Amino acid sequence: MEQTGAGRLVVDRIRCEGYGMCEQAAPELLHLNDDDEPVIDVAAIPATQKPIADAAVRACPVAALSLSGTTVS
Ligand code: SF4
């Protein structure tokens with residue numbers, strides 16, 4: 001079995017209200033820019049950082065953040 005990564009974080013910019021909980025949960029993966037918009041800093045989440053990515057997804061109060069494209073074979 002080969003694990004190639006945990007996917008990538010995707011922001012729904014329509015839903016996002018710029019609260020910043022995602023940045024607090026995973027500052028090593030994303031940050032808010034000057035307009036309070038999340039910018040994903042790690043395009044492909046390494047499997048070792050999946051728990052942090054999951055925490056960021058759970059932290060968003062409006063479900064604007066998701067983890068997609070998980071590839072496990
Ligand atoms: S926690 Fe959710 S609403 Fe807040 S900045 Fe992150 S993605 Fe946007």
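**Note on the predicted model: loops, long-range pairs and the ligand shell**

1. Apart from residues within four places of it in sequence, Val39 makes contact with Leu30, His31 and Asn33. Val39 belongs to strand β4, which spans 38-40. Two of these partners, Leu30 and His31, carry numbers that fall in β3 (30-32). Val39 is classed as exposed because 11 other C-beta atoms lie within 10 Å. A further pair to check is Val39 and Leu29: their C-alpha atoms are 8.8 Å apart, with a separation of 10 residues in sequence.

2. The model is predicted, and the remarks here should be read with that in mind. In the protein chain there are two helices and six strands. Their order from the N terminus is β-β-α-β-β-α-β-β.

3. Burial and contact range can be taken together. The protein chain has 73 residues, of which 15% count as buried. Of the contacts in this chain between residues at least 6 apart in sequence, 65% join residues at least 24 apart.

4. Asp36 deserves a look at the backbone. Its phi is positive, about 60°, although the residue is not a glycine. Asp36 sits in the loop that connects β3 (30-32) with β4 (38-40). Asp36 counts as exposed, since its C-beta neighbours inside 10 Å number 12, and the exposed class takes in residues with 12 or fewer.

5. Ala63 is a second non-glycine residue with positive phi, here near 55°. Its place is the loop between α2 (50-59) and β5 (65-68). Ala63 has 11 C-beta neighbours inside 10 Å and therefore counts as exposed.

6. Glu17 lies in the loop between β2 (8-11) and α1 (21-25). Glu17 is exposed, because 10 other C-beta atoms are found within 10 Å. Glu17 also pairs in space with the Asp36 of point 4: the C-alpha to C-alpha distance is 8.2 Å, and the two residues are 19 apart in sequence.

7. Asp12 is placed in the loop between β2 and α1, as is Glu17. Asp12 counts as exposed because it has 12 C-beta neighbours inside 10 Å. Along the chain, Asp12 and Leu65 are 53 residues apart, yet 6.3 Å separates their C-alpha atoms. The number of Leu65 falls in β5 (65-68).

8. Ala47 is located in the loop between β4 and α2. With 14 other C-beta atoms within 10 Å, Ala47 is partly exposed; that class lies between the limit of 12 or fewer for exposed residues and that of 20 or more for buried ones. Ala47 and Ala6 have C-alpha atoms 4.7 Å apart, while 41 residues separate them in sequence.

9. The ligand has 14 residues around it, and those that come nearest are Cys16, Tyr19, Cys22, Cys60 and Ala64. By class, the shell consists of 11 nonpolar, two polar and one charged residues. Among the nearest residues, Cys22 has a number within α1 (21-25).

10. Points for inspection in the model are the positive phi values of Asp36 and Ala63, and the C-alpha separations of Ala47 and Ala6 and of Asp12 and Leu65.

Definitions and conventions
Residues numbered from 1 in each chain as written. Predicted model: local features only at pLDDT ≥ 70, side-chain atom pairs only at ≥ 80, totals over all residues. Helix = DSSP H or I, 4+ residues; strand = E, 2+ residues; numbered from the N terminus. Near = placed C-beta within 6 Å. Nonpolar A, V, L, I, M, F, W, Y, C, P; charged D, E, K, R; others polar. Contact = placed C-beta atoms within 7 Å.
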